[in-house]
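Trainee: I've got this one open on my screen and I'd like a close look at a single spot, followed outward into whatever surrounds it. Could you pick one and walk me through it?

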Amino acid sequence: VDQYIVPVAAHASGLRAVIDAAPGAGNDEWTVTLRDDASSTALTCTIDETATGCTDTSNISSLAAGSKLTVLVSSTTNVDTDPDAAGEVVVSFCLTP
């Protein structure tokens, strides 16, 4: 699990995710969520069946100094296709003190 530790109190915004293989037509969409100390934040976006990326430019989350950030990629029902099998997921977001 990749983690990022927030060095100072900050706000996170501008979540963007790119994946190298789309979920596939007829399969569940995938949701990408920034997590703060294992709790989901408001920063989330959805990769639809044939898409290879998503963005969340409207939500902002406040983060405390020392928070441990991770990214969760999940399937709607975890039945049709497994996000873990997709290969590489590249995620970016902006931290503003």
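Mentor: Let's start at Ser67. Skip its neighbours within four places in sequence, and Ser67 is in contact with Tyr4, Ile5, Val6, Asp36 and Asp37. Keep in mind as you click around that this is a predicted model. Ser67 sits in the loop between β5 and β6. Is that loop residue buried or exposed? With a relative accessible area of just 3%, Ser67 is buried, since the cut-off for buried is under 20%.

Now follow those contacts. Asp37, one of the residues touching Ser67, is in the turn of a hairpin made by β3 and β4, which has two residues between the strands. Asp37 has a positive phi there, about 50°. Asp36 also touches Ser67, and across the sheet Asp36 stands opposite Leu69 in β6.

That takes us to the strands themselves. β3 runs antiparallel to β6, which covers residues 68-75, and seven bridges join the two. β3 also pairs with β4, again in the antiparallel sense, over six bridges. One place to look for that second pairing is Thr31, whose bridge partner in β4 is Thr46. Put the pieces together and you get an open sheet of four strands in the order β1-β6-β3-β4, with antiparallel pairing. Its edges are β1 (4-5) and β4, each of which pairs on one side only. As a reminder of the chemistry, strands of a sheet pair through backbone hydrogen bonds, either parallel or antiparallel. Zooming out for a second, the protein chain has seven strands and zero helices, so to speak a β-β-β-β-β-β-β run from the N terminus on.

Next, the inside. The largest nonpolar core has 15 residues, and the ones with the most contacts inside it are Val32, Cys45, Ile47 and Cys54. At least two of its residues come from each of β2 (10-19), β3 (30-36), β4 (39-47) and β5 (53-63). β2 gives the most, with five residues. That fits a general habit: in soluble globular proteins, nonpolar side chains tend to be buried together.

Val32 is a good place to park your view. Beyond its neighbours within four places in sequence, Val32 is in contact with a long list of residues, including Leu15, Ala17, Leu43, Val71, Val73 and Val91. Cys45, Ile47 and Cys54 are on that list as well.

Those two cysteines deserve a closer look. The structure holds one disulfide, and that bond joins Cys45 to Cys54, with the sulfurs 2.1 Å apart. Its torsion about the S-S bond is about 45°, so the disulfide is right-handed. Both ends are tucked away: Cys45 is buried at 5% relative accessible area, and Cys54 counts as buried at 9%. Cys94 is another matter, because its relative accessible area of 39% makes it partly exposed.

Between the two bonded cysteines you can stop at Thr52, in the loop between β4 and β5. At 40% relative accessibility, Thr52 counts as partly exposed. Leave out its neighbours within four places in sequence, and Thr52 is in contact with Ala17, Val18, Ile19, Ala22 and Ile47. Pro23 is worth finding too: Thr52 and Pro23 are 29 residues apart in sequence, yet 8.0 Å apart in space, C-alpha to C-alpha.

There's a similar case with Thr96, which belongs to strand β7 (residues 89-96). Thr96 and Ala9 are 87 residues apart in sequence and 8.6 Å apart in space, C-alpha to C-alpha. Not counting residues up to four places away in sequence, Thr96 touches Ala10 and His11. Thr96 is partly exposed, at 39% relative accessible area. For the chain as a whole, among contacts between residues at least 6 apart in sequence, 73% join residues at least 24 apart.

Last, some overall numbers. Buried residues make up 31% of the 97 in the chain. Its accessible surface is about 5,400 Å², with 49% of that belonging to carbon and sulfur atoms. As for confidence, the mean pLDDT is 88, and 87% of the residues reach 70 or more. Among the elements, β5 has the highest mean pLDDT at 97, and β6, right after our Ser67 loop, has the lowest at 90.

Methods. Residues numbered from 1 in each chain as written. Predicted model: local features only at pLDDT ≥ 70, side-chain atom pairs only at ≥ 80, totals over all residues. Heavy atoms only, no water. Core = buried A, V, L, I, M, F, W, Y, C linked by side-chain atoms within 4.5 Å. Buried < 20%, exposed > 50% of the residue type's maximum accessible area, 1.4 Å probe, protein only. Contact = heavy atoms within 4.5 Å. Pairing = 2+ DSSP bridges. pLDDT = per-residue confidence, 0-100. Disulfide = S-S within 2.5 Å. Areas by Shrake-Rupley, 256 points an atom, 1.4 Å probe, with all protein chains shown as cover.
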